[in-house]
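Q: I'm new to reading structures and I'd like to learn feature by feature. Could you walk me through this one?

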Amino acid sequence: MAAKVLTVTSGKGGVGKTTLVANLGVALAMQGKRVVVIDADVGLRNLDMMLGLENRIVYDLVDVIEGRCRLRQALVRDKRFPDLFLLPAAQTRDKSAVSPEDMVQVCEQLSDRHDFIIVDSPAGIEEGFRYAIAPADEIIIVTNPEVAAVRDADRVVGLIEAEEKGPARLVINRLRPEMVKRGEMLDVDDVIELLAIELIGVVPEDRNILVAANRGQPLVLSNNHSLAGKAFHNIARRLAGEEVPFQTLQEPGLFGRLFRFVRPE
Amino acid sequence: MKFFERLMGRRAASGTVAKERLRLVLAHDRTSISPALLDTLKDEIISVISRHIAIEPDGVQVTFSQRAHETRLVADIPLASRRRGR
């Protein structure tokens, strides 16, 4: 069985791509799937830290491409799940060291021994983005309910359509339900209407995500049942083909309902 | 205070403002038609139509309307009000 290649991208930086990739990788591994996560952000390596694997790196993606090691040697096995691997980015090189064809080849070589390959794209729409989407069977666009992130996501939607790579699916990250309730933040429906692409998950803002990053222990590992952790698990289940209903992030209070009644638009 | 202003319809919630601004900017981004180009279009539309019909040039509006993947260029051109005996 050939692996499914998912590329996570966003246009704008800092919206939570790497956090999403780390959590999806672990969540799919928890389902018993064989997963490789690839850090495609050459020069700005970070996925290793999110996973707590930064001390285990020997070789990286560019070493594989330039033939200094075999692909298997560069894969870092996760401490917790024997079927989860990281292919780290090179830290002292830049994006010109990787081509779209290189990424396609690496993913093809990984294809038969894994179920999912998740590529963490660099921010931007330049060469890093181009090689990250080259091997993708499916693309996930991450955005925040915020004007700059939505605008950049729309550019990426357009570029993906132009490359005939789509249709991409959307993750809305860092939503603050209490701000949406007050009308001070774009709502999920607003973002979907503006971008006109299919939704695959909504992740609420959660301080535990920062704590998880501090420790190198993705949030999906903890059993504190945070809404964000649940949201990551749900996205992973949807990626694995399960039908999972979208959770309500917060019940609208009486005040919220009254407010809608007063100004229905 | 903000809440009451909003309740009275004097101040739109910033979420709504964000959505409206994005609607417009995405229409421009997707078509790569700049606001300056829209202004040029507007001026030329006014001059072409004025050659044939009397219009109110100050009331002319050339804008985008955006629904999902469908973008339209909308020109709203008020005709000059005709008064008898002129």
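Q: Let's start with A:Arg80: how accessible is A:Arg80, and which residue forms a salt bridge with A:Arg80?
A: Keep in mind that this is a predicted model. The general idea first: side chains of opposite charge can pair when their charged atoms come close. Here A:Arg80 is partly exposed, at 24% relative accessibility. A:Arg80 forms a salt bridge with A:Asp78, with the closest N and O atoms 2.7 Å apart. A:Asp78 is buried, at 4% relative accessibility.

Q: What about A:Glu66 and A:Arg68, how far is it from N to O in their salt bridge?
A: That one comes to 2.9 Å. A:Glu66 is partly exposed at 36% relative accessibility, and A:Arg68 is partly exposed too, with a relative accessible area of 46%.

Q: Which parts of chain A does the pair A:Glu198 and A:Arg169 tie together?
A: Start with the pair: their side chains meet in a salt bridge, 3.9 Å from N to O. A:Glu198 lies in strand β8 (residues 198-204) of chain A and A:Arg169 in strand β7 (residues 169-175) of chain A, so the pair ties together parts that are 29 residues apart in sequence. A:Glu198 is exposed, with a relative accessible area of 51%. A:Arg169, on the other hand, is buried at 18%.

Q: How many salt bridges are there over all chains?
A: The count comes to 20. Some join up: A:Asp190, A:Glu193, B:Lys19, B:Glu20 and B:Arg23 are linked in a network of salt bridges.

Q: B:Lys19 and B:Arg23 are in helix α2 of chain B; which residues of α2(B) are buried?
A: They are B:Gly15, B:Ala18, B:Lys19, B:Leu22, B:Arg23, B:Leu26, B:Ala27 and B:His28. As for the helix, α2 (residues 14-31) of chain B has 18 residues. From its first C-alpha to its last it reaches 26 Å, close to the 26 Å expected at 1.5 Å a residue.

Q: What sign does phi take just after α2(B), at B:Ser32?
A: Here's the background: most residues other than glycine have a negative phi, and most peptide bonds are trans. B:Ser32 has a positive phi, near 45°, and is not a glycine. Its place is in the loop between α2 and α3 of chain B, and B:Ser32 is exposed at 64% relative accessibility. Chain A has a case as well: A:Glu164 has a positive phi of about 55° without being a glycine. A:Glu164 sits in the loop between α7 (147-162) and β7 of chain A, and is exposed, with a relative accessible area of 73%.

Q: Which residues does A:Glu127 touch, leaving out those up to four places away in sequence?
A: A:Glu127 touches A:Lys95 and A:Ser96. The C-alpha atoms of A:Glu127 and A:Ser96 are separated by 7.5 Å, though the two are 31 residues apart along the chain. A:Glu127 is in helix α6 (residues 127-133) of chain A and is partly exposed at 44%.

Q: How many aromatic pairs are there over all chains, and which residue lies over the face of A:Phe246?
A: A pair of aromatic rings is described by the distance of the centres and the angle of the planes. In this model the count is zero aromatic pairs over all chains. A:Arg238 lies over the face of A:Phe246, 4.0 Å from the ring centre.

Q: Which elements of chain B have the lowest and the highest mean pLDDT?
A: Where pLDDT is low, the predicted coordinates should not be read in detail. Among the elements of chain B, helix α1 (residues 2-7) has the lowest mean pLDDT, 56, and helix α3 (residues 35-52) the highest, 92. Chain B averages 83, and 79% of the residues score at least 70.

Notes. Residues are numbered from 1 along each chain as its sequence is written. Chains are lettered from A and ligands numbered from 1 in the order in which they are written. This is a predicted model: local features need pLDDT of at least 70, side-chain atom pairs count only at pLDDT 80 or more; totals for chains, interfaces and linings use all residues. Side-chain values use heavy atoms; hydrogens and water are left out. A salt bridge is a side-chain nitrogen of Lys or Arg within 4 Å of a carboxyl oxygen of Asp or Glu. Buried means under 20% relative accessible area, exposed over 50%, partly exposed in between (1.4 Å probe, protein chains only). Helices (H or I, at least four residues) and strands (E, at least two) are DSSP runs, numbered from the N terminus. The expected span of a helix is 1.5 Å times one less than its number of residues. Contact means heavy atoms within 4.5 Å. Rings of Phe, Tyr and Trp (its six-membered ring) pair if their centres lie within 6.5 Å; planes under 30 degrees apart count as stacked, over 60 as edge-to-face and the rest as tilted. A charge sits over a ring if NZ of Lys or CZ of Arg is within 6 Å of the ring centre and within 35 degrees of the ring normal. pLDDT is the predictor's confidence in each residue, from 0 to 100.
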